[in-house]
Amino acid sequence: MVKLTPVESLSKALEIVQEDKESVLDVHSHAHIRDDGALQLAQHLGKNTNLRVLILGGQGIGPAGAQALGAALRTNMGLQELHLHNNNLGYEGVEKMSIELAKPLYEGSSKPGNKILKTLILRKNGIGAHCGGNCGICRLSPDFPAAFLELTSLSTIDLNGNEITQLPMEFARLPKLLYMDVRNNPITNIPQDVFVTARKGHQSGWPGLKEYMLQQLAQEAGGTATSPMTRVGTPGGGPGGGSPLVVDKRMI
C-alpha cells in the first residue's frame with residue numbers, strides 16, 4: 001500500500017475527498033475529527049471514485065460517525081480499506097456501520113450492499129458485550145454485533161485489543177476471509193489450546209482458528225456442539241430479516 005504523509009486537518013481531508021484524485025487518505029490523529037467530521041467526510045465520500053484506502057485512526061469517532069461512513073460506502077464502489085483503529089465505535093458503532101454497509105443500494109433494490117470493502121481495521125474500539133440483551137439494539141446478540149457477519153466481501157478483519165468475549169463461529173463461513181486478528185480479547189468460547197495453536201489469535205493463525213470454528217458449526221448442525229450456539233436472523237437486516245447467523249443461546 002502506498003502511504004502518503006498524513007493530513008493534519010479536517011479541511012484538508014475534505015478537500016482531498018472532494019478533489020477525487022488521491023487513492024490513499026491518511027488523516028493524522030491530531031485532526032481528531034470526531035463524529036461531526038466523519039459525517040462531513042461521509043457526505044462527500046459517497047461520490048468519490050478514486051479513493052481506495054481511508055485511514056481514520058485515533059479520531060474520536062463514535063457510533064454516529066461510523067453509521068455515516070457505512071452509509072456512504074453503499075454508494076462508494078471504490079474504497080477497499082477502511083482503517084478505524086483507536087476510536088470509540090463500541091458495540092453500537094460496529095452494529096450501525098455493519099447494517100448500513102449491508103443494506104441494498106436503495107430501498108426496494110435487489111442489489112446487495114457494499115461488496116467492495118476488503119479490509120476493515122477495528123483495533124482498540126471498545127467492542128464487546130452491549131448490555132446483556134435487554135435493549136432493542138442487541139436483544140438477539142448482546143455479546144457481538146451479528147450484523148457484522150453480513151460483510152461477506154471482507155478478506156482482512158482486525159479486532160485486536162477489544163473486549164470481545166463471545167466470538168461468533170460463523171466468521172469461519174465468511175467466503176473471502178483470509179486473515180482475522182482477535183488477539184488481546186477476553187474470549188471465552190474458544191479453548192486455550194486452540195488459541196495457542198492459532199498463534200493466540202494472530203491473523204497468521206486464522207487457518208487453525210477457522211478449522212476449529214468449522215468443526216463447531218458441523219457439530220452444532222449435528223446436534224453435538226460443545227458450545228451453546230443457535231441460529232437467528234440478523235437484527236436490523238431489513239425486510240424479512242438477515243441471513244441465519246450463529247450466536248450464543250444466552251443472547252436470546
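# Briefing: a look around this fold

The buried residues of helix 1 pack against strand 1 (24–26) and helix 2 (34–45). Here, helices (H or I, at least four residues) and strands (E, at least two) are DSSP runs, numbered from the N terminus. A residue is called buried under 20% relative accessible area, exposed over 50%, and partly exposed in between, using a 1.4 Å probe and protein chains only. You're looking at a predicted model, where local features need pLDDT of at least 70 and side-chain atom pairs count only at pLDDT 80 or more, while totals for chains, interfaces and linings use all residues. Residues are numbered from 1 along each chain as its sequence is written, and side-chain values use heavy atoms, leaving out hydrogens and water.

**The overall picture**
- The protein has 6 helices and 8 strands, and from the N terminus on they run α-β-α-β-α-β-α-β-β-β-α-α-β-β.
- Of the 252 residues, 51% are buried.
- Take the contacts (heavy atoms within 4.5 Å) between residues at least 6 apart in sequence: 63% of them join residues at least 24 apart.
- About 11300 Å² of the protein is exposed, and carbon and sulfur atoms supply 50% of that; the areas come from the Shrake-Rupley method with a 1.4 Å probe, and for residues only the protein chains shown count as cover.

**Helix 1**
- Helix 1 covers residues 10–19, and its buried residues are A13, L14, I16 and V17.
- These residues sit on the same side of helix 1, because they cover an arc of only 160° around the axis (the arc of the directions from the helix axis to the C-beta atoms).
- Just after helix 1 comes D20, which has a positive phi, near 60°.

**The six-stranded sheet**
- An open sheet brings together 6 strands in the order 1-2-3-4-5-6, with parallel pairing; two strands pair if DSSP finds at least two bridges between them.
- At the edges stand strand 1 and strand 6 (179–181), each with a single partner strand, so each has one side left without a neighbour in the sheet.
- On average, neighbouring strands of this sheet are turned by 0° against each other, direction ignored; the axes are lines fitted to C-alpha atoms (for helices, over the stretch in contact), and angles run from 0 to 180 degrees between N-to-C directions.
- Strand 5 (residues 156–158) runs parallel to strand 6, and 3 bridges join them.
- T156 stands opposite Y179 of strand 6.
- As background, strands of a sheet pair through backbone hydrogen bonds, either parallel or antiparallel.

**Two buried residues to look up**
- You'll find G201 in the loop between helix 5 (192–197) and helix 6 (206–221), and G201 counts as buried because its relative accessibility is 1%.
- G201 and R183 are 18 residues apart along the chain, with 4.7 Å between their C-alpha atoms.
- Leaving aside neighbours within four places in sequence, G201 touches M180, D181, V182, R183 and F195.
- Y212 belongs to helix 6 and is buried, at 12% relative accessible area.
- From Y212 to A172 is 40 residues in sequence and 8.8 Å in space, C-alpha to C-alpha.

**The cysteines**
- Searching the whole structure turns up 0 disulfides, a disulfide being a pair of cysteine sulfur atoms within 2.5 Å.
- For C131, the closest cysteine sulfur is that of C138, 3.6 Å away and so too far for a bond.
- For C135, the closest cysteine sulfur is in C131, again 3.6 Å off and too far for a bond.
- C131 is partly exposed at 38% relative accessible area, and C135 is partly exposed at 23%.
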